[in-house]
Structure formats: structure tokens, C-alpha cells
Amino acid sequence: RFAVAQTPAPARPLPWGWWTAALGLAAALLLQLVLADRARLAADAAWRPRLLAVCGVLRCSLPPWHEPDAFRVTNREVRPHPTAPGVLLVTTSFRNDARWPQAWPLMEVALHDLDGQALGLRRFQPAEYLGSPPASALIAPGQSAIATLEILDPGKRAVAFTFDFH
């Protein structure tokens, strides 16, 4: 008589293996979102003290910006012009974060008094804040630009500036 060796049945994967993988992936994505948000907040915190210090001297404040989703502002600063008294120097860096090219935006500057009444509003063409006309009519995805404006200091009458891209 011959004995037949029995091979063990293949082990079945545990049913919770897929759930563990899915939960691990979700946790990794959530951690990435939290860290990205913390990086954005840290970048904002880096410019805020300098900006508020300048505005304290100029008796003004800057409300949050309302840039379109396609453009991400990476740096912004308002300070007295180094050589021209009575002039404010506004410097902004922004980047096209969309997946497609965008037209160069208009930059709108509005000044308001304590009661919210508009003191002035002006839209700047790209050639005005770039110093020369852009070589292309479109900003490529990922392309960055630096906008620089010189604005007459409104003095104590203005308490708020808003800078918007349109």
C-alpha cells in the first residue's frame, strides 16, 4: 500500500488586509493635506509680522486677498518706498497653479477709510506691474511672476488696502 501525501490548502488572505491598506492610504493622504496646509499657514505667518509692522506705521491694514483659485500668491509685501517719500512699494509674487495656461490678470488696488468708504480704486495692467509688457499673453502652468507697484501714500485717511487679481 502506498500513502498519498496531502498538500495543505492554500492560505486564504485575511479579509481585513484590504481594509488595512485602504485605511493606511487614507491616513497618508490626510497627513499630506494637513502638512500642506501647515506649510501654507507658515508661509503666511512669515510675511504677516513685517506687513503689520509697516501698516502700523502707515496706519493702515490689509484685509485678506481674494485671488482666483488658478493663481497662488507666494509672497506679498507693502512698505514705504526706499527713495521716494510719500510712496508705498507693493511687491507680490504669484504663480499659475492651474493645469492650463491663464491670461495675465489685472491687479486691482482699492483704498478705504475707517467707515469703509472707497477712497480710490485702480486697475493695473500686466505691463504696469511687471515693468514691461509680458512676452506671452498667457502664463504657463507653474510659471511665477513678481508684481511691483508704486502707490502714493494716502496718509492717515486710508485704513485699508485690498489687492485683488481679476
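Asp97 is partly exposed, because its relative accessibility of 38% falls between the limits for buried (under 20% relative accessible area) and exposed (over 50%), with a 1.4 Å probe and protein chains only. In this predicted model, local features need pLDDT of at least 70 and side-chain atom pairs count only at pLDDT 80 or more, while totals for chains, interfaces and linings use all residues. Residues are numbered from 1 along each chain as its sequence is written, and side-chain values use heavy atoms, with hydrogens and water left out.

The side chain of Asp97 joins that of Arg95 in a salt bridge, at 2.7 Å from N to O. A salt bridge here is a side-chain nitrogen of Lys or Arg within 4 Å of a carboxyl oxygen of Asp or Glu. Arg95 is likewise partly exposed, at 25% relative accessibility. The structure contains three such salt bridges.

A second pair links Arg123 with Glu108, whose closest N and O atoms are 2.8 Å apart. Arg123 belongs to strand S5 (residues 118-124) and Glu108 to strand S4 (residues 107-112), so this salt bridge ties together parts that are 15 residues apart in sequence. Strands are DSSP runs of E with at least two residues, numbered from the N terminus. Glu108 is buried at 13% relative accessibility, whereas Arg123 is partly exposed at 41%.

Turning to the remaining pair, Glu128 and Arg122 form a salt bridge with their closest N and O atoms 2.6 Å apart. Glu128 is partly exposed, with a relative accessible area of 36%, and Arg122 also counts as partly exposed, at 44% relative accessibility.

Terms used: Helix = DSSP H or I, 4+ residues; strand = E, 2+ residues; numbered from the N terminus.
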